[in-house]
Amino acid sequence: MPDFTDMAAKNLKIAILSGKGGTGKTLLSVNLASAAADSVYVDCDVEEPNGHLFFKPQWNIEKEISVKIPQVDPNKCDGCKKCVEFCKFNALAYINKNLKIFDDVCHSCGGCSLVCPQGALTERDKAVGTLSVGDSEGVRVLSGMMKTGIASGIPIIKELLTQCGSLEDDRPIFIDCPPGSACIVMESIKDADYCLLAAEPTIFGRHNLEMVWSLVRLFEKPHSVVINKCVDQSDPTDEFCKENRIKILEKIPFDVELGTLNSNGKIAARENTKYRDLFSSLLEKIYREVPHEATVNSER
Amino acid sequence: MKQLLILSGKGGTGKTTVASAFIRLSEARAYADCDVDAPNLHLITKHSKAPSRKDYYGMPKAEIDPGICINCGKCRENCRFDAISVNERSHFVDPFGCEGCGVCEFVCPVNAVSLKSSVAGDLMLFKEGPVTFSTARLKMGSGTTGMLVSEVKKQMKESAEETDFAIVDGSPGIGCPVIASLSGADMVLIVAEPSLSGISDMERIIKTARIFGVIIAVCVNKSDTNPENTNRIKDFCKLEGIPYTGSIPFDPMAVKAVNKGMSIADIDCSSGTAVKEVFNKTMRLLFPEGRHSQK
């Protein structure tokens, strides 16, 4: 069999996602990125980012991310309400001869400024979060953080992935996704070459894996599953994978030591050779999967 | 109707485990699962009758008629969501990226764009005797979770108007589905986890919930997996003046109960005993005058 390892690792984008929260997305992403040593870690869980608690990087670049929000010049507005009628998100209302703008529900589509016949609407920047870049023992860490009270982290995720695409190196990239299967997850996996699904051996884990599995199939992403916190008892998630012929790449047993390291913000693969070996071998399995999966997909 | 919302910030801390135990202990007549992109509560609250179902329509999606499109590129230029691509013959819309704002329809000089309504999820309502359970499932590839959460809550309220108390199982994070579930809630119980990640996420969800002026309380799940961090959470709560309603130990029986489709309050186990304490303290905060009997 030809050795695909080198080829696969270059520029490879691996997204780690899970329907259910708390199944070990960050555990896997942080440890895989550390096992790869020379790699990039991107925290797309901008609502609750945790990767930086493990890497503790010195931030080199921090920048504010903003979106465009309309503002009205009351002297120009003649109350025609064309903007109010146009806005599909009900972010504008004309009350008591005044145009009110509700920032929180605005999607920044720019439509109101386009439709205003008086040119009374312009746009201003509204900060929604920050993007930070730093280094931790050979791992480039990119992390987004949404401000509290903001509804959508998508502009921050977009900026993270743009930054990530502009990096001039060919290190493998590990994308730590938010939980669930909604728009923020879709945005995070859009450009991924491979998806690793973190699951849990419970009926909750099974049900949410089913949802996120349909999402990766919808996006036609090659994928496999890691079942975390395995114990010696019947495993509905394992059954689901077998029924649907989904490849299980690894089963990580329930492990108090690993759990404690993780809950104290330690990177297990850096603390202990036992765990370094575990994640290095998982990483090799992923690298071997990628070209294989790519071939399978192109034959379809 | 007083609404108790269960949130966590971080995923997988035990929101649904706690919510299902509370439903059992309070004999709740109204409850809802607002975690629409990973709903699980229905797996544990047994219902013998099938639910009534309703399609949920999210935002419409733009469609470009390739027969009319003149490939001028105006739609692509003006789309803020990068949802329009082009080939040599026509422009076309990526339905996953489209947010349904209608800008492309407005700028198109030849009326090639139209907005089409699209089913974005499945709303379900279980009615059994006096009990109402509202839940939903987001269709894969759809984005409007906040709106669907509002629909789930509206459906519950309309169907259980005379009930004094409702339990709402929330979603992880602090974004739109969480914000939608917070509006109208009277109290939030945060299920925290004694890890550095859990603490960081708890602080962020508390900040978010405070914007809504609801009563906030905290409990810790799997408290004995890191007693030091559990103490840090207790200290944090004391400092911030947030009531701490108890610690639930890690309990292998909890996983067994869940896999049998039971709540931890249904079986005799250490987590079940602890959750009763959390329940009693939480209810005293929500009903300081005592709760009227619902019978």
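Two strands count as paired if DSSP finds at least two bridges between them, and by that criterion S12(B) pairs with strand S13 (residues 244–248) of chain B in the parallel sense over 4 bridges. The model described here is a predicted one, and the points below take up chain B's run of parallel strands, then the overall make-up of chain B, and then chain A with its domains.

**Strands S11, S12 and S13 of chain B**

- Strand S12 (residues 215–221) of chain B has a partner in strand S11 (residues 187–192) of chain B, the two running parallel and being joined over 6 bridges, while S12(B) also pairs with S13(B), again in the parallel sense.
- Within the pairing of S11(B) and S12(B), Leu189(B) is found opposite Ala217(B), a residue of S12(B).
- The connection from S11(B) to S12(B) passes through helix H6 (residues 196–210) of chain B, forming a β-α-β crossover that is right-handed.
- On the pairing of S12(B) with S13(B), Cys219(B) has Gly246(B), in S13(B), as its bridge partner.
- From S12(B) the chain proceeds through helix H7 (residues 227–240) of chain B to reach S13(B), and this β-α-β crossover is likewise right-handed.
- Strand S12(B), which is paired with S11(B) and with S13(B), is mostly covered, since 6 of its 7 residues are buried.

**Chain B as a whole**

- The secondary structure of chain B consists of 9 helices and 13 strands, and its C-alpha atoms occupy a box of roughly 70 × 45 × 35 Å when taken along the principal axes.
- Chain B has 295 residues, of which 53% count as buried.
- When contacts in chain B between residues at least 6 apart in sequence are considered, 75% of them join residues at least 24 apart.

**Chain A and its domains**

- Chain A comprises 12 helices and 11 strands, and the box filled by its C-alpha atoms, taken along the principal axes, is roughly 70 × 45 × 40 Å.
- Of the 300 residues that make up chain A, 50% count as buried, and among its contacts with a separation of 6 or more, 75% are between residues 24 or more positions apart.
- Chain A is divided into two domains, with domain 1 assembled from two segments, 5–38 and 171–299, and domain 2 covering 66–127.
- The C-alpha centres of domain 1 and domain 2 of chain A are separated by 43 Å.

Definitions and conventions:
Residues numbered from 1 in each chain as written. Chains lettered and ligands numbered in written order. Predicted model: local features only at pLDDT ≥ 70, side-chain atom pairs only at ≥ 80, totals over all residues. Buried ≥ 20, exposed ≤ 12 C-beta atoms within 10 Å, placed from the backbone. Contact = placed C-beta atoms within 7 Å. Domains from an automatic or database assignment. Right-handed = clockwise from strand over helix to strand, strands pointing away.
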